[in-house]
Amino acid sequence: MLKRVFIGVLVISLISFPVFVEAKAKGNVEVLEADIDGDGSKEEISFIKKPIEDELDGLAEGTLQIKAKNKVFTKDLGEIENSSGASLEVIKVSSNVKPFIGIFSFAGAHGMRLMLFSFDGSKIMQEIEVFSDAPSIEFKDIDKDGIKEIVAKSRDYDNSPIKDSIVKTYKYLDKKWQLESTYKTIE
Ligand SMILES: [Ca+2]
Ligand SMILES: [Ca+2]
C-alpha cells in the first residue's frame, strides 16, 4: 500500500513539476559549465535575464552569476536590449590564458555589443566592452602570436556606409585588453 502511494506521487511529480521548471529556465536563464579560474574544477556560469515589466521589446535586467564550489558570485549587467537574442559564451583566446566569459547582445537597430568578464575564484571582473554597428565582433589571431584578438567592425557612415569599414583591434597584452589599431578598409 505504502509503496503504491509512493509510486503514485513520484509519477505525478515527474509529469507536472519538472516540465514547468525546465520551461521557465529556458526562457530566462542560460547556463554553461567551464573552469574559468583555472583551479581544475568547473564553475556553473549563468546569464540571468529578468524581463522589465511593461517593456515589449525584450528589455531585461541582466545578471551574470558564477557558482564556484559552495559560493555564488554575481555581477549586475544593467539593461540588456532584445534580451531573447542575447547570449552567453565561454571564450578561449589562448591555451596559456584563462578563459573569459562573453555576453553578446544587440544594441540599437543593427549594432552588437560584447561585454567580456574574467573570474579569479573570488570576484568577477569586467575586462572590456566592445561595440560594433556593422554588426561584426569576432575573436581571431590576426598577428599570429598565438593569442586571439577581438576584431570589431563598424561602418563609416560619414564616408561610404557600404564600402568603408572602421576596424578596431583589441589585443590582450600585460593581462589587459588594449585598443591596438583603428583603420579603415575598403571592401
Ligand atoms: Ca574553476
Ligand atoms: Ca594575436
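This is a short tour of the protein, moving from the whole chain to its two four-stranded sheets and then to its nonpolar core.

Before selecting anything, keep in mind that the model is a predicted one. With the whole protein in view and coloured by secondary structure, you should find 2 helices and 12 strands, and if you follow the sequence from its beginning, the pattern reads α-α-β-β-β-β-β-β-β-β-β-β-β-β. Of the 187 residues in the protein, buried residues make up 18%, and among the contacts between residues at least 6 apart in sequence, 30% join residues at least 24 apart.

Select next the strands E1, E2, E3 and E4, which form an open sheet in the order E1-E2-E3-E4 with antiparallel pairing. The edges of this sheet are strand E1 (29–34) and E4, each of which pairs on one side only, and the twist from one strand to the next averages 15 degrees. Narrowing the selection to E3 and E4 shows a pair that runs in the antiparallel sense over 9 bridges; as a landmark, display the side chain of Ile66, which stands opposite Phe73 in E4.

Now move on to E5, E6, E7 and E8, where 4 strands again form an open sheet, in the order E5-E6-E7-E8 and with antiparallel pairing. Strand E5 (87–91) and strand E8 (124–132) each have a single partner strand, so that one side of each is left without a neighbour in the sheet. Here the twist averages 25 degrees from one strand to the next. If you keep E5 and E6 on screen, you will see that they pair in the antiparallel sense over 5 bridges, and that Leu88 stands opposite Ile103 in E6.

The last stop is the largest nonpolar core, which has 24 residues and in which Leu64, Ile101, Ile103, Met115 and Phe117 touch the most other members. To see where this core draws its residues from, colour the elements that give it two or more, namely strand E2 (43–51), strand E3 (60–68), strand E4 (71–80), strand E6 (100–107), strand E7 (111–119), strand E10 (149–155) and strand E11 (164–173). Among these, E7 gives the most, with 6 residues.

Which residues is Ile101 in contact with, once its neighbours within four places in sequence are left aside? Centre the view on Ile101 and select Ile36, Ile45, Leu64, Val90, Phe117 and Phe119, since these are the residues that answer the question. Two of the residues in that selection, Leu64 and Phe117, are also listed with Ile101 among those that touch the most other members of the core.

Methods: Residues are numbered from 1 along each chain as its sequence is written. Chains are lettered from A and ligands numbered from 1 in the order in which they are written. This is a predicted model: local features need pLDDT of at least 70, side-chain atom pairs count only at pLDDT 80 or more; totals for chains, interfaces and linings use all residues. A nonpolar core is a set of buried Ala, Val, Leu, Ile, Met, Phe, Trp, Tyr and Cys residues joined through C-beta atoms within 7 Å. A residue is buried if 20 or more other C-beta atoms lie within 10 Å of its own, exposed if 12 or fewer, and partly exposed in between; C-beta atoms are placed from the backbone. Two residues are in contact if their C-beta atoms, placed from the backbone, lie within 7 Å. Two strands pair if DSSP finds at least two bridges between them. Axes are lines fitted to C-alpha atoms, for helices over the stretch in contact, and angles run from 0 to 180 degrees between N-to-C directions.
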